[in-house]
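The exercises below each set a task and then work through it step by step. Keep the sequence and the coordinates at hand while reading.

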Amino acid sequence: MNTKYQQYAPLILRLVMGFGFVAHGWVKLSRGPAGFEKLITQAGVPFPHFTSWLVPLTEVGGGLALMTGSFTTLVAIPLIITMVVAIITVQFKLGFSSVNTIGLTPQGPKFGPPGYEINLLYIAGLISLMITGAGAFSVDAWFAKRLKKRAVTLSSVEG
């Protein structure tokens, strides 16, 4: 593999996953957290009123942080937790597949609710970013460069 292009992999992963989290969180907020609260109350999620705000704010904030590559490892942790809770409380009973075809109508296929496949893909991508880092095109990399410059400057002043 050409190492020249490897630096783009985390960027692509961050942008797509970050957009996905922002989109899902924004839908929950824009429709009003009360609707989401009803869903998670039915699913048996603890503290539904608090959680109906916490989850979409985590998704929007975490998604934006992923897109910019800011605090990627730290941001991944609460996003992984939201995915695991969603699997346990909602999607596990629906099965693995994200595409559940439940019938065929004259207008085309009819789909049922998705399983936990997409959640696992998000978790895998987040763990990948935690292992590899946010990549060269990120706020994390910019901060790391600045800290390295500062350390070199301080060591030359002390030495």
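**Exercise 1. Compare the span of helix α2 with the expected one, and find which of its residues are buried and what covers them.**

Step 1. Helix α2 has 23 residues and reaches 32 Å from its first C-alpha to its last, close to the 33 Å expected at 1.5 Å a residue, where the expected span is 1.5 Å times one less than the number of residues. Helices (H or I, at least four residues) and strands (E, at least two) are DSSP runs, numbered from the N terminus.

Step 2. This is a predicted model, in which local features need pLDDT of at least 70 and side-chain atom pairs count only at pLDDT 80 or more, while totals for chains, interfaces and linings use all residues. Residues are numbered from 1 along each chain as its sequence is written, and side-chain values use heavy atoms, with hydrogens and water left out.

Step 3. The buried residues in α2 include P10, L11, R14, M17 and K28; buried means under 20% relative accessible area, exposed over 50% and partly exposed in between (1.4 Å probe, protein chains only).

Step 4. Among the elements that cover these buried residues are α1 (3-6), α3, α4, α5 and α6 (117-132), where contact means heavy atoms within 4.5 Å.

Step 5. Just after α2, G32 takes a positive phi of about 95 degrees.

**Exercise 2. Identify the salt bridge and state which parts of the chain it ties together.**

Step 1. A salt bridge is a side-chain nitrogen of Lys or Arg within 4 Å of a carboxyl oxygen of Asp or Glu, and by this rule the count comes to one.

Step 2. The partners are E59 and K28, whose side chains meet at 2.8 Å, N to O. Because E59 lies in helix α4 (residues 48-68) and K28 in helix α2 (residues 8-30), the pair ties together parts that are 31 residues apart in sequence.

Step 3. E59 counts as buried at 4% relative accessibility, and K28 counts as buried at 18%.

Step 4. K28 is also touched by P33, which has S52 and W53 as further contacts when residues up to four places away in sequence are not counted. P33 is found in helix α3 (residues 33-43) and, at 11% relative accessibility, counts as buried.

**Exercise 3. Describe how strands β1 and β2 are arranged.**

Step 1. Strand β1 (residues 101-105) pairs with strand β2 (residues 108-111) in the antiparallel sense over four bridges; two strands pair if DSSP finds at least two bridges between them.

Step 2. The two strands form a hairpin with two residues between them, and T105 has G108 in β2 as its bridge partner.

**Exercise 4. Locate the nonpolar surface patch, and examine the backbone of F71 and F47.**

Step 1. The patch is formed by F71, L74, I77, I81, V85, W142 and F143, with about 710 Å² of accessible area together. Patches are made of residues with over 30% relative accessible area and no salt bridge, like charges being joined within 9 Å and nonpolar side chains (Val, Leu, Ile, Met, Phe, Trp, Tyr) within 5 Å; accessible areas come from the Shrake-Rupley method with a 1.4 Å probe, and for residues only the protein chains shown count as cover.

Step 2. The elements that give two or more residues to this patch are α5 (72-91) and α7 (139-158), and the largest share, four residues, comes from α5.

Step 3. F71 lies in the loop between α4 and α5, is exposed at 52% relative accessibility, and has a positive phi of about 50 degrees although it is not a glycine.

Step 4. F47, in the loop between α3 and α4, also has a positive phi of about 50 degrees without being a glycine, and is exposed with a relative accessible area of 64%.
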